[in-house]
Amino acid sequence: MTTAPDTALETAFKITRKTDGISAVERERLVADPGFGRAFTDHMAVITYTEGRGWHSPEILPRQPLMLDPAASVLHYAQEIFEGMKAYRAPDGGILLFRPEANARRFQKSAERMAMAQLPEDLFLEAVDQLVTIDQAWVPKPEVGTLYIRPFMIATEAALGVKPSAEFKFIVIACAAGEYFSSDAGAVSVWVEENSVRASRGGTGIAKCGGNYAASLTAQMEGKAHGCHQVLFLDAEERRWLEEMGGMNVMMVFEDGTLVTPPLDTGTILHGITRDSLLTLARDNGLTVKEERYAIDQLYADAAAGRLKEVFACGTAAVVTPIGTFKSGKGDCTIGDGRSTGPVTAKLRQTLCDIQFGRTNDPHDWVKRVV
Ligand code: PLP
Ligand code: COI
């Protein structure tokens, strides 16, 4: 059974350095203006799992295409999970990770839901550490961005019977990254999806698995056709309650200073690490925080009445991004002036980024130094 406890790790990481990489000049050109998700670093970390043997053969090797049997389970039954995290350049030139153990733990939860092997937390952390260390020249200056890190696991057993795979690869890749939304986007616009849903109770919404994102793409395309940057999903049962966006959580700020975000007890929303961090920072700042259901009709009514002052998206890629407009089959709804970043949104973003980039003290011990 793939979820059985692992045998001991067989070897330490074997490191094979890339010898024919791009020039330092070309790398610096990419790192100075990386965009999002395309300026990939030179190396990757790979660890293999085989039933009966456990995790073995950890390696850092030059980034390269994967060899997969065409019958590999991931290609047919989508046994795949991933994480998203970042490395930040500190004022002294060092490199920091933000709550990496939270990503390692969420990865284990996702693996459990998708009947995949459990990767020990220390192995996850060591793979990330090793990759960031060897590719440290790819971490941009703080004014440009971060190193976006993408750990993932795929089912590699060649078997067409529907069952949990007996073999997996855990891989970590990384890319230099600027803003997820282009900086001229300002406050973004969001399409409220009223037809398809992202997750239902008992489904896989709580897991960070590729299938959730595949299922969100038609709504994302519809949103784009309506001129929107992102899509907001509603609950599957009543199509009424705000859940989350395609790749980020959502938060509302009201005129009395209360911060509201959808609760996690439905099991349909990703437990965002940015979400959790912002709720903590908001409480630290004396805001009243409520994790409670909030209806889309209420959002339109509160925005029109001026009670709803700010709405923002939050996640590793999005950081904290103000939302200026919601659009749906029912019409448009503008938050504030539709363009500006509200004061609570701005303050939370600043406080979070100052901690992540090591510019201020870190009262919750969230930041871990790699280099
Ligand atoms: N919700 C979804 C669907 C996401 O893809 C993400 C991004 O990872 C988040 C929420 C935010 O999670 P985190 O803050 O851990 O990045
Ligand atoms: C992240 O924020 O890390 C995600 O995985 C979401 C995706 C939109 C890039």
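A residue counts as near a ligand if one of its heavy atoms lies within 4 Å of the ligand. In this predicted model, 17 residues surround ligand 1, and Lys208, Tyr213, Glu244, Thr274 and Thr316 come nearest. Ligand 2 is surrounded by residues that include Lys208 and Thr316. Ligand 1 sits in the largest pocket, and the space taken by ligand 2 is likewise the largest pocket.

**Surroundings of ligand 1**

- By class, six nonpolar, seven polar and four charged residues form the shell around ligand 1.
- At least two residues of this shell come from each of strand 12 (242-245), helix 6 (273-284) and strand 16 (308-315).

**Polar contacts and burial of ligand 1**

- The side chain of Tyr213 places an N or O atom 2.5 Å from an oxygen atom of ligand 1.
- Thr316 has a polar side-chain atom 2.6 Å from an oxygen atom of ligand 1.
- For Lys208, the separation between an N or O atom of the side chain and an oxygen atom of ligand 1 is 2.8 Å.
- Ligand 1 taken alone exposes 380 Å², of which the protein buries 97%.

**Surroundings of ligand 2**

- The residues around ligand 2 are Phe82, Gly84, Tyr148, Arg150, Tyr180, Lys208, Gly247, Thr316 and Ala317.
- Sorted by class, this shell has four nonpolar, three polar and two charged residues.
- Ligand 2 lies between domain 1 (14-177) and domain 2 (188-356), because both domains give residues to the shell around it.

**Polar contacts and burial of ligand 2**

- A polar atom in the side chain of Tyr148 is 2.6 Å from an oxygen atom of ligand 2.
- Lys208 has a side-chain N or O atom 2.8 Å from an oxygen atom of ligand 2.
- Ala317 contributes through its backbone, where a polar atom is 2.8 Å from an oxygen atom of ligand 2.
- The protein buries 90% of the 280 Å² that ligand 2 exposes when taken alone.

**Residues that concern both ligands**

- The side chain of Lys208 has an N or O atom 2.8 Å from an oxygen atom of ligand 1, and an N or O atom in the side chain of Lys208 is also 2.8 Å from an oxygen atom of ligand 2.
- Thr316 is among the residues that come nearest to ligand 1, and Thr316 is also one of the residues surrounding ligand 2.

Methods. Residues are numbered from 1 along each chain as its sequence is written. Chains are lettered from A and ligands numbered from 1 in the order in which they are written. This is a predicted model: local features need pLDDT of at least 70, side-chain atom pairs count only at pLDDT 80 or more; totals for chains, interfaces and linings use all residues. Side-chain values use heavy atoms; hydrogens and water are left out. A polar contact is a pair of N or O atoms within 3.5 Å; within protein, one must be able to donate a hydrogen and the other to accept it, and residues adjacent in sequence count only if both atoms are side-chain atoms. Accessible areas come from the Shrake-Rupley method with a 1.4 Å probe; for residues, only the protein chains shown count as cover. On a 1 Å grid over the protein atoms alone, a cavity is a set of points where a 1.4 Å probe fits but cannot get out, and a pocket is an open set with protein on both sides within 12 Å along at least five of seven lines; lining residues have an atom within 4 Å of a point. A molecule sits in a cavity or pocket if more than half of its atoms lie within 2 Å of its grid points. Ala, Val, Leu, Ile, Met, Phe, Trp, Tyr, Cys and Pro count as nonpolar, Asp, Glu, Lys and Arg as charged, and the others, Gly among them, as polar. Domain bounds come from an automatic or database domain assignment. Helices (H or I, at least four residues) and strands (E, at least two) are DSSP runs, numbered from the N terminus.
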